[in-house]
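Hi there,

Here is the structure I promised to pass on to you. Have a look around it first, and then read on for what turned up.

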Amino acid sequence: MATKRKVDADLEALRGPIIAPGHTLGSVTDKISEVVLEKGTPKGWFIGFAISFSLLMMMLMSITYLLAVGTGVWGVNVPVGWGFAIINFVWWIGIGHAGTLISAILLLLRQKWRTSINRFAEAMTLFAVACAGIFPILHTGRPWLAYWLFPYPNTMAMWPNFRSPLIWDVFAVSTYATVSAMFWYIGLIPDFATLRDRSTNRVGQTIYGALAMGWRGSAEHWGRYETAYLLLAGLSTPLVVSVHTIVSFDFAVSVVPGWHATIFPPYFVAGAIFAGFAMVMVLAIPLRRFYGLQDFVTMRHLDYMARVLLATGLFVGYGYMTDAFIAFYGANPYEEYMMMNRFEGPYAPFYWALIACNVVSIQALWFQRVRSSTVALFIIAIIVSIGMWLERFVIVVTSLHRDFLPSSWGMYSGTFWDWSLYIGTMGLFGTLLFLFIRFMPMISIFEMRTLLPEAEVEEHD
Amino acid sequence: MSDSTRNTENGAIRTLWTPEAAQTTDAAASVDATDAMDAMAAMDAMPVSDALATAAEPERIDLTAIREKLAAAKGPELWRGLEEVAQTEEFQQFVNAEFPASAELVTDGVSRRNFLKLMGASLALAGVNACTKQPTEKIFPYVKQPEEIIPGKPLFYATAASLDGYALGTLVESHTGRPTKIEGNPEHQASLGATDSITQATVLQLYDPDRSQVISRAGEIRPYAAFINELGVQIEGLEGNGGEGLRLLTGTVTSPTLVAQIEALQARYPEMRWHRYEPVSRDGARAGARLAFGKDVSVDLDISAAEVIVSLGADFLASGPGGVRYARQFADGRRLSGDSTEMNRLYVVEPLPTVTGGKADHRLPLEASRMEDAAERLATLLGVTGAKAAVFDERHETWLSAVAADLKEHRGHCVVIAGDQESAITHAWVHAINARLGNAGKTVRYREPIEAQPVSHRDSLAELTADAAAGKVTTLLILDANPVFDSPADVDFAGAVDTVPFSLHLGLYADETSERCLWHISQAHSLESWSDTRAYDGTVTIVQPLIAPLYGGKTAHEIVAALLGQPLASAHDIVKEHWSKAAATGGRAAGVTAEEYWRRSLHDGLAEGTQAVVVSASVRSGLAGRIAARRREDESVRAEDADDGGFEVVFRPDPHLWDGRFANLAWLQELPRPVTRLVWGNAVLVGARLAEENDLADGDVVELNYRGRSLKGPVWIAAGTAPDTIGLYLGHGRERGGRVADGVGFNAYAVRTSDAPWSGSGASLRKLGETESMASTQLHHSMEGRHLARHGTLQQYEADPGFQSHFDHIDPEGKSLFPEHPYEGYAWGMSIDLNACIGCMACTIACQAENNIPVVGKQEVINGREMHWIRVDRYFEGDLDDPHFHHQPVPCMQCENAPCEVVCPVNATVHSDEGLNDMVYNRCVGTRYCSNNCPYKVRRFNFKLWNDWETEQLKMQRNPDVTVRSRGVMEKCTYCVQSINHKRIEAKREGRDIRDGEIETACQQVCPAEAISFGNINDAEANVSRDKAGPRSYSLLGELGTKPRTTYLASVRNPNPALEPPGESHGGHGGHGSHGDKAGGNGGHGDGH
């Protein structure tokens, strides 16, 4: 037993620390809570927040114009009935996946390295789902009636159509959002208590006090907390798989060539995790630098995430291959045409750009030198985020714009209002993220503390 | 149509809202106002006293300014009165007086009593100031409900729509006094129950808010009485000199009443001249008849008796006076029902692709300048005396000899037709050929001319212009014509009108011509007026109004009557009086009283016995000599070709806007042109080769130089255009046509000269390096090897009637995981015969009228958002320069396994128990999932609020039985479910089943070729069931398992074996579902628009 522990420890040392040496319980707490409780806000935060908030205002303007004039302000048409709204919805939902995966699945798998990134990955999930949630509602021609998609008792005595994948979406996404929010909040409770205790002003004490829900850190609290957290992790785990599976049904259940494919559920889930990890890296790399958190989000974390990125990216690449293979192997002329159209049709540059982003660029991650360069990782993560957006664009637009009857074929391009809403939601995301960083502990304090050698408890077998 | 629902005279209609009634109300108000004025006099220092002063002498309103304001207004803005738009001071004062100024007085401390007085007085002043007309928004209940009017149940009235003077009998649907839809009159020979697209749109013209609403003199609004007074003065001058200087300018006139009136005018003013000008004239046909027969005749074809039809430039299926009838006869001649394999064969020679050319079994694109030679060559090959045309090149020679041989084989059962736009010489040769083939009296009948006192329109206008310029014209009356816009470029009619001291324009619109005239009188629309008109065969229809004139318009009858010294005569009395005269009603049988005859004629929509007399016309000897003389004459008249270049220009009336008079009708602007699929604008049409050689692509703006004139326009590649030919559609580029028409397309009249009205050589193109975005409803023209519009040859069909089923890859009736829907009772289905469909687009516009479908405008069509519920797909196949055309109307397929239904999250599209795929507009939230999942893309989405909810006139046009859709909902065809429900109620009340053929969908009703059958497919005896059981029946994309209720009958071509040996046909696919037509022409149209 001891030998195995020794080997494990050596291995750990070799891999690099998941928390830099020299930290004590106090220093961890100081370092993380300082970001929230310090007096005066760094200038950089204000700049970032101002940019995000301006984009958020642009989003509101875009929504106002959309509601005033109608869906026609976008580029959608017949045959391309779905455009940016659905692309962006799927993109944001995909981004949200990493949070739950890191929090729940890695928790269940007892991957301790998750601790330093799970908090803001979860926050990212929530904010991404919030951004995603905007799109399907605004996407409808009459957003003020979008609540008709919910099965609620009404005077019309009407149920929604449970055969429609869009209804499944409603359930999948709303469940996902609820569970993610609860998971995130419960995880925050002990840290809220820390902030309450360390707050020097009345406002902070009151607000954090309320949020901490009377947490006193008793053994009974910890016991209940552990159980609840584990249960929620168990609950979240299938959701990671189910949400994007169901989102993929929006496409797979239809008859449209290029959508109607059984590979879609696993391929979408892999793509979502891929996109999510890329986004975590996009956020984590600058954050750890700006707030000097290199001790907690170490190179080992980045290395692990890069490996996940590479693995899921290979899944996704396999998905593209299968998609193409089946299109020809299946001998369905419509599928064949669709695939050829992706390869060499008017949107071919998008397709090849997506292959370059999602399949070619990540091959660099095989190399240790790339994985240990924050700049390279950051660039690759950005490329992957773009690539995943292109993937959804290719799936949605190239499939629709040339389907069965050539007489109806058309073209699609986003308008100013498409782009302003899309970039605007990035503003919403950024605004929420900046507020989160400023007012909540972005790294789980108490969980970080458990990683310290002081927290090591001799196990009695 | 049962007698009970069709009325002889619609007196009841006239009890509805009329502007006169509104004026009466105003008059009453002004009486009250007198008292108020007394009250006013007792009061001092009131802000409204100025208004009182102006009220005594109303300010003149600047009409030009109003028009400019209206033109500047984007979209259909509602304006309540001219004054509101003009923002005249008096109007401002009135508004001020009514609200804010009075409020100010209150704050100034004036007593409440004074305030009330003021308020009362200012309100009353609204009446005094009678020019500031209050918006009249009154509803009148029937005090005594007319017996025949049942709210919710439409009435049908027989009347006629005229184009260029020729009538098409119609039945107009009227809902509580509002005409909403036009249908064909089955008893009328020109209609046979169908109509064309232009006629469908005339109902929109009635309600067009841009129609001229006032009488004006030099741009100022005047009452009709002022005109009568001034005309009276004018007449006094004319009486003395026998009418010297009096000129009348009309289009083609066939109305017996108007002709009689004009004849009376001619008798009264012997020096008067009556000029005729129609931009789409039949001068060539007229002169051709004179050349051949020495007299004017009108040609009446019997296509149904023709087994071989040869068209030399004639688009006889889709335009011209008998088009609707000929389309039916043509389709009947190739209907493959039962075991019949009898089909006529159509050869078309034409410079620009047309509907008729698209339907041809063999089509020869030929430059317009060679048409005369082709006619003579054909005559030579057929042995017409005197014809001795030189041999054409090999390809053309083979073609023409094969045609000649085919014609010879079918003597007396064939017909050669020359187009209205062809020259006199072509017409003369065609007459000779028909005589030679013994067709005269069989497939071709000659009748007395339908047009009264026929003249050459070209010469008539030139004469008038010259006389006016010489100062010989003192009084000019232009009745329902717009020569300032549509006269030839070398005839300065606009300048000539300016020199005429008294000019009058009667027209539906205040247009380019009225701007130049002293007086403009708003014309009553044909649905508002009494008149009469003649069809292609001379049959008279009495035009009866469906509604009182919306804007108090006048008819030509009333203007001419005023000249005759009867200013108060109403059109009704004039027409009725004419018909009560025995002489005028030659067709009246003995023992029928004039009143009975009148009522009968009104009821039937045609006056019995008024057909033009069939005359015997024999080709005079020495034709060849006269033709040679004529040719020399033509050459001398023809301006010396400036030789700008080597291209030929061909002018044609726009298939929908015609000569430009319908340019303000958005339905027609947005109706795809049959061949180019262009909407909202015309183009410089060129063939694929010409484009290739000159490096032109769709949308490239070019400068066309032609005979010293030039125009600028975008290029569009029209596959099938003759080599070195440039096609220009007339009727676009209006400047004062209304808010819809203005600035759409370019004006081709700018380069059209009187010596070459339809074609001329010596044109060149210069690429300007700009591009213009153009709106086309179809961007891709190849079937991509998919068997969508299935077709084969007659040989294939004879060998295997089910030839098309080999294209099925998967059994369309294959097994499904879903349980079948049971259909007890009715199960509605439709079958569309592609063999009959000519691709004229009438179905699209009939559907638009019936189902309140909005138009979206040019930009939205470019965006891909047109709303047509039934579209006509057109595919090219074969050579780019000479392709085959395949037309396929596509309404909703009403799939039994509808992909749209499953994916709708809110159950807004559901299956009815009769198999309809219903759309619940109120429930739709607009996810557009259904549209994505529809393989046929027949669902249409309201991306914006396109239905005009504001303009009062347009509200009146709508079909009350169909929801007017708002923004954000999906809409689609439901087989005119409103008609189904009407008939269901009727049948239930009578305790019977709905009979086959009782329900007609709008597209089916309008179809001139009877290509659509509709009915209960549970009834094996129904027409539609028989069609579906036939071997040519197939499901579009049947392999998807959608089980569409709309199915198609494959089309069959009847090629001449001499020209296309069996097996070589490129329409044949050589049998078993090969992807043979993958090389299908893309027409050079990428998707880059």
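Across all chains, 72 aromatic pairs were counted. One of them joins A:Phe84 and A:Tyr412, whose ring centres are 6.4 Å apart with 50° between the planes, a tilted arrangement. This pair ties together distant parts of the chain: A:Phe84 belongs to helix H4 (residues 84-108) of chain A, while A:Tyr412 sits in the loop between helix H14 (374-401) and helix H15 (416-439), 328 residues apart. Both A:Phe84 and A:Tyr412 are buried. Please keep in mind as you read that this is a predicted model.

Another pair to find is A:Trp184 with A:Phe436. Their ring centres lie 6.0 Å apart and their planes meet at 45°, so this pair is tilted, since the tilted class takes in angles that are neither under 30 degrees nor over 60. Here too, distant parts of the chain are linked: A:Trp184 is in helix H6 (residues 165-198) of chain A and A:Phe436 is in helix H15 of chain A, 252 residues apart. Are these two residues buried or exposed? A:Trp184 has 12% relative accessibility, so it counts as buried, and A:Phe436, at 3%, counts as buried as well.

Back to A:Phe84 and A:Tyr412 for a moment. Both belong to a cluster linked by ring pairs. Other members of that cluster include A:Trp91, A:Trp92, A:Tyr347, A:Phe350 and A:Trp389.

Now for chain B. Chain B has 35 helices and 38 strands, and buried residues make up 62% of its 1089 residues. Among contacts in chain B with a separation of 6 or more, 75% are between residues 24 or more positions apart.

Two arginines in chain B are worth a look. B:Arg276 lies over the face of B:Trp274, 3.7 Å from the ring centre. B:Arg734 lies over the face of B:Phe485, 4.9 Å from the ring centre.

Finally, try a pair of helices. How do the axes of H14 (residues 371-381) and H16 (residues 424-436) of chain B cross? They come within 9 Å and cross at roughly 15°. H14(B) and H16(B) are therefore roughly parallel to each other, and the crossing is left-handed. On the H14(B) side, the residues making the contact include B:Met371, B:Ala375 and B:Leu378, and on the H16(B) side they include B:Ile425, B:Trp429 and B:Ile433.

Enjoy exploring!

Best wishes

Key:
Residues numbered from 1 in each chain as written. Chains lettered and ligands numbered in written order. Predicted model: local features only at pLDDT ≥ 70, side-chain atom pairs only at ≥ 80, totals over all residues. Heavy atoms only, no water. Phe/Tyr/Trp six-rings, centres within 6.5 Å; stacked < 30°, edge-to-face > 60°. Helix = DSSP H or I, 4+ residues; strand = E, 2+ residues; numbered from the N terminus. Buried < 20%, exposed > 50% of the residue type's maximum accessible area, 1.4 Å probe, protein only. Lys NZ or Arg CZ within 6 Å of the ring centre and 35° of its normal. Axes fitted to C-alpha atoms, helices over the stretch in contact; angles between N-to-C directions. Parallel < 35°, antiparallel > 145°, perpendicular 65-115°, else oblique. Left-handed = near helix turned anticlockwise from the far one by under 90°. Contact = heavy atoms within 4.5 Å.
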